Structure formats: C-alpha cells, structure tokens
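Open the model in your viewer and keep the selection tool at hand. The stops below go from a single residue to pairs of helices and then to the core.

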Amino acid sequence: SGGPVGKRSKMAMEVLAEDVHVRLVDAMQVFSGRDDKLSSLFGDVCHPIDEDVRTGLPQEYEGCTYYYQALSLFFERDKVGSDMAMGMMPLFTALWDTAEVRNTYTLLMHRWTFHQQGDICKSLNVITKASSSLFWDDLLTIQTRFQAVFLYLAEQITSDKETNDNIDGNIYLNLVRLTSRFVCYYDGPPGNKDLALLVQRMERSAWWQRCVGPDEDISGAPSILVQEVAHQLEHIRSEEVLGECLLRMRSLSPLCPHALEVHARIRLENILHSLGTPGGPLYPPRGIRMRARNLNDQLFPKGRHSRGIVHLSFRLLNPYMWPQSLAHFVGVTVPSRAYTWTVERAPIVGDLAVRATGLVVHMRNGLMRLFGRR
C-alpha cells in the first residue's frame, strides 16, 4: 500500500474525514440552521458508499457498506485518522446536546473511543445511549444499517482482552444490557446467534471478571440477558421481528430454567404467557401465539401439559373462539403433526408428498390456462 495507488487511496479517506471536520466547524460557527447542518451530516455518514467513491478507497475497506463503517475503521487503524479523530473531539463534545451529533459521534468514533487510554466514561455513556436510539430506529424500520456498531459492541463485551482498564463497572453493565436487548434482532457470528454461547463468552470476558465477577449483588449474565430480552418482547410491535426473536430464543434452552434467577425466570414466563394468549394487553396474532407457547414449553418443560389443558379449557369455554380453534386444530395442527410423525418414521412418504403437491399445482395451472385464466 506504499505505492502511488495506495497513497491516493489513503488520501481518499483523509478527504472524507476532513469533510466531516469542516462540516462540524461550520455547524459550530452558526446558530441559525445548525440543526439542519448536523442532520445533513448524520444522514450522509449513514448513506451507502457511492460506487465512484468506493473505487478510490483502500482495499481493506472493501467490506464496508456505509460511509460511517469506512471512517470508523480509518479512525481506529490509521495514525493519521486517529490524530484527525482527536482533533474532532472538542467539536463533538461542544455539540453533544444535539441528538444528531451524539448519533454521528457513535457511528464514527465507537471504535476509536475504545482504544483511548484515560477516562472515557462520558464518551461511552454517549455511545450507549445513542446506540440504543440507533438500534431502535433499525428495529422499527426493519433494517440493519447500524448492525456494524452492534457487532463491535458485542465483540467488546465478550473479549478476553481489555482495551481500557479505566472503564467503570456500571458502564460495562449498561453495554451488556444494551447488547442483550438487541441480540435477538441483529444477525452476526454464530456466537451472537446462539444465546447460551454468548452468555458463556460474556462471563469469561476480562471486563466481566474485573467489573462484575467479585460483586455478588449483581445478577448473573444469563439473568441479565433474559430480563433484557423479555423487556424487548413487550415493546416490539412488528409481527415479523417478534416472530424472528422468538425463534432465536430457542437457543436459551441450555440456560432455562436452572441458570436463571427467580425474577428473571418469572419475567420470561410472564411475557411468553402474554404472547401465547389471545387478547390484551398485547393482542398477539395466531402465528406469534403458537411460537410463544411452543417456546414456553421448550424452555420450561415442567408444567407444559397443565398449561396446555388450561389453555384448551379457556378456548372451549369461549363460545366465539372455540369453533375457530377447532377448525384450525383439525385442518392444520393434526395434518401437520401427522405428516411430521410419518416422515420421521418413513422418509419416502415426505418425497411422495412433495411430488403429489407439485402434481396438484401443475394440474391447477393447466386447468387455469385451459379456461383462459393466466
């Protein structure tokens, strides 16, 4: 990277960083229109990298999708970038009362901040609060624009090495709670998808051993994660997102119920019961209710038969709901379970069922073409 091409690529990153610096200075010097300038800067760093710009970036930034990803790596890995980040800190600090500035700082400087020595507690507080806002924005719009920030924070709280030994234990716990809250939403390495494995890595991390391990008054990592996930389930209103979160929670089986503290177990059981019951206060649709009941039976197998009997009794006692439940049970549940039971014992039946389904669809399409319906 020391040749002319490498130097030009490096200069491209410096130009992008200098543009951020100039726009921060410009916002500092004016009062009227400052919010618009800062909002524009935030929108630009969240924008996907333009193709003409991407061709001029160094090779190590090829995997970056958004401008903030490339700039955060530049501030972390490059000496010139680190110096430029240090020069921007007074500007960010002076403008921290604006939400867009806190979000921009989090996107651009989250990597650089963790590698600074000295007191960075205030900066980490800003990153924690702004990250929560960014992640919620992703969840509400069903996007993953800020997944790179989440994955980096998850990597930090599970790392065996401490990048800064001056971090307060409360700040570390806030980062753990933040990551636990959104771990069921974002994709990532297998260690993030498997919640039980994530808890194990968290408890073995250097930060956990120093900040949390000696304190018996703090809940264990499994209980913290379960409480935050349960809190999140209460506030998600998207059926697609909620269903995906319930599916990923199946990996909690090794921890339930023996590794959970009483308050965490009760909270998780309560939210799963609410999601598995029709009506208020959550009013979950049928697909969510079925997943929640199945998850509850998987995580807490003791008492699942009693719960099933109680649920069926209340459905049958409701004169409006039991015909729908009976129709669904006869038309969907029984055939599905019979098919699963048969395929497990005779795999050839599954192949025949797939071929029969294809034949029926082919005949239906042929009849529609025959009668002129396309």
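Is Thr104 buried or exposed? The model is predicted, and in it Thr104 has a relative accessible area of 2%. The cut-off for buried is under 20%, so Thr104 counts as buried.

**The whole chain**

Before zooming in, show everything as a cartoon. The protein has 19 helices and 0 strands. Of its 374 residues, 40% are buried. Among the contacts with a separation of 6 or more, 67% join residues 24 or more positions apart.

**Stop 1: Thr104**

Select residues 99-114, which form helix H6, and find Thr104 within that helix. Then add Leu41, Phe42, Val45 and Phe92: Thr104 is in contact with these residues when its neighbours within four places in sequence are left aside. For a distance to display, take the C-alpha atoms of Thr104 and Val45, which lie 7.5 Å apart although 59 residues separate them in sequence.

**Stop 2: H4 and H8**

Next, select residues 67-77 for helix H4 and residues 147-157 for helix H8. At what angle do H4 and H8 pack? The angle is about 40°, and the axes are 10 Å apart. To see where they touch, show Tyr68, Gln69 and Glu76 on H4, then Gln147, Ala148, Val149 and Tyr152 on H8. By class, this contact of H4 with H8 holds 4 nonpolar, 2 polar and 1 charged residues.

**Stop 3: H14 and H16**

Now move to helix H14, residues 239-248, and helix H16, residues 286-299. Their axes are 10 Å apart and the packing angle is about 15°. Angles under 35 degrees count as roughly parallel, so H14 is roughly parallel to H16. The crossing of H14 past H16 is left-handed. On the H14 side, select Glu239, Leu242, Gly243, Glu244, Leu246 and Leu247; these meet Ile288, Arg291, Ala292 and Leu295 in H16. Sorted by class, the residues of this contact of H14 with H16 are 6 nonpolar, 1 polar and 3 charged.

**Stop 4: the nonpolar core**

Which residues touch the most other members of the largest nonpolar core? Select Phe75 and Phe135: they have that role in a core of 100 residues. Keep Phe135 selected and add Phe146, Val149, Phe150, Leu153, Leu178, Phe182 and Tyr186, its contacts once neighbours within four places in sequence are left aside. One of these, Val149, was already on display as part of the H8 side at the second stop.

Notes:
Residues numbered from 1 in each chain as written. Predicted model: local features only at pLDDT ≥ 70, side-chain atom pairs only at ≥ 80, totals over all residues. Heavy atoms only, no water. Axes fitted to C-alpha atoms, helices over the stretch in contact; angles between N-to-C directions. Helix = DSSP H or I, 4+ residues; strand = E, 2+ residues; numbered from the N terminus. Contact = heavy atoms within 4.5 Å. Nonpolar A, V, L, I, M, F, W, Y, C, P; charged D, E, K, R; others polar. Parallel < 35°, antiparallel > 145°, perpendicular 65-115°, else oblique. Left-handed = near helix turned anticlockwise from the far one by under 90°. Core = buried A, V, L, I, M, F, W, Y, C linked by side-chain atoms within 4.5 Å. Buried < 20%, exposed > 50% of the residue type's maximum accessible area, 1.4 Å probe, protein only.
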